[in-house]
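Me: Hi! Could you walk me through how the helices pack in this one, and then look for any empty space inside?
Reply: Happy to, let's bring it up.

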Amino acid sequence: MTSLVRRTEGELLVKRIRDNMWERNISAEMVAKKAKIGKTTLYAYFKNPGSAPLDKLMRICRVVGIQQVTLMTGATY
């Protein structure tokens with residue numbers, strides 16, 4: 001039996017961020033330092049993307065090389 005679990009937009013964005021980190025060989029410590037946030041805070045945002053303020057989320061995306069992010073109003077992050 002197959003379980004269909006729909007991922008939220010935030011979870012998909014976190015996956016994209018982690019994929020870019022892996023492709024560019026960037027550690028979480030480096031991302032946190034360049035985005036000017038704590039490493040613990042970064043992990044909290046990965047675990048619960050809806051808790052991340054938009055400006056910090058955009059800084060994280062820029063650090064890992066994500067140039068374009070489409071945010072949808074009314075979506076669950």
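**Helix packing and a cavity**

Reply: Let's start with one helix pair: α1 and α4 cross in a left-handed sense. Bear in mind that this is a predicted model.

Me: Which residues of α1 and α4 make the contact?
Reply: From α1 there are Leu13, Ile17, Asn20, Met21 and Arg24, and from α4 there are Leu57, Ile60, Cys61 and Val64. By class that gives seven nonpolar residues, one polar and one charged.

Me: And at what angle do the axes of α1 and α4 cross?
Reply: At roughly 30°, and the axes come within 9 Å. Angles under 35 degrees count as roughly parallel, so α1 is roughly parallel to α4.

Me: OK, switching to α2. At what angle does it pack with α3?
Reply: Helix α2, residues 28-35, packs with α3 at about 105°, and the axes are 9 Å apart. The two helices are therefore roughly perpendicular to each other.

Me: Who touches whom there, in α2 and α3?
Reply: On the α2 side you have Ala28, Glu29, Val31 and Ala32, and on the α3 side Lys39, Leu42 and Tyr43. Those residues divide into five nonpolar, no polar and two charged.

Me: What about α2 and α4, is their crossing left-handed or right-handed?
Reply: Right-handed. Their axes come within 9 Å and cross at roughly 125°, which makes α2 oblique to α4.

Me: Which residues meet in that pair, α2 and α4?
Reply: Val31, Lys34 and Ala35 in α2 meet Arg59, Ile60, Val63 and Val64 in α4. The class count for this contact is five nonpolar, no polar and two charged. Val31 also belongs to the contact of α2 with α3, while Ile60 and Val64 also belong to the contact of α1 with α4.

Me: Nice. Now the empty space: how many cavities of 30 Å³ or more does a search of the whole structure find?
Reply: One. Its volume is about 40 Å³.

Me: Which residues line the largest cavity?
Reply: Val14, Ile17, Tyr45, Phe46, Pro49, Leu57 and Ile60. The elements giving two or more residues to that lining are α1 (9-24), α3 (39-47) and α4 (54-64).

Me: And how does the lining of the largest cavity divide into nonpolar, polar and charged?
Reply: Seven nonpolar, no polar and no charged.

Me: Where else have we met some of those lining residues?
Reply: Ile17, Leu57 and Ile60 line the cavity and also take part in the contact of α1 with α4. Ile60 turns up once more in the contact of α2 with α4.

Definitions and conventions. Residues numbered from 1 in each chain as written. Predicted model: local features only at pLDDT ≥ 70, side-chain atom pairs only at ≥ 80, totals over all residues. Heavy atoms only, no water. 1 Å grid on protein atoms, 1.4 Å probe; cavity = no way out; pocket = protein on both sides within 12 Å on 5 of 7 lines; lining within 4 Å. Points joined across faces, edges and corners; volume = space filled by probe spheres on them. Helix = DSSP H or I, 4+ residues; strand = E, 2+ residues; numbered from the N terminus. Nonpolar A, V, L, I, M, F, W, Y, C, P; charged D, E, K, R; others polar. Axes fitted to C-alpha atoms, helices over the stretch in contact; angles between N-to-C directions. Parallel < 35°, antiparallel > 145°, perpendicular 65-115°, else oblique. Left-handed = near helix turned anticlockwise from the far one by under 90°. Contact = heavy atoms within 4.5 Å.
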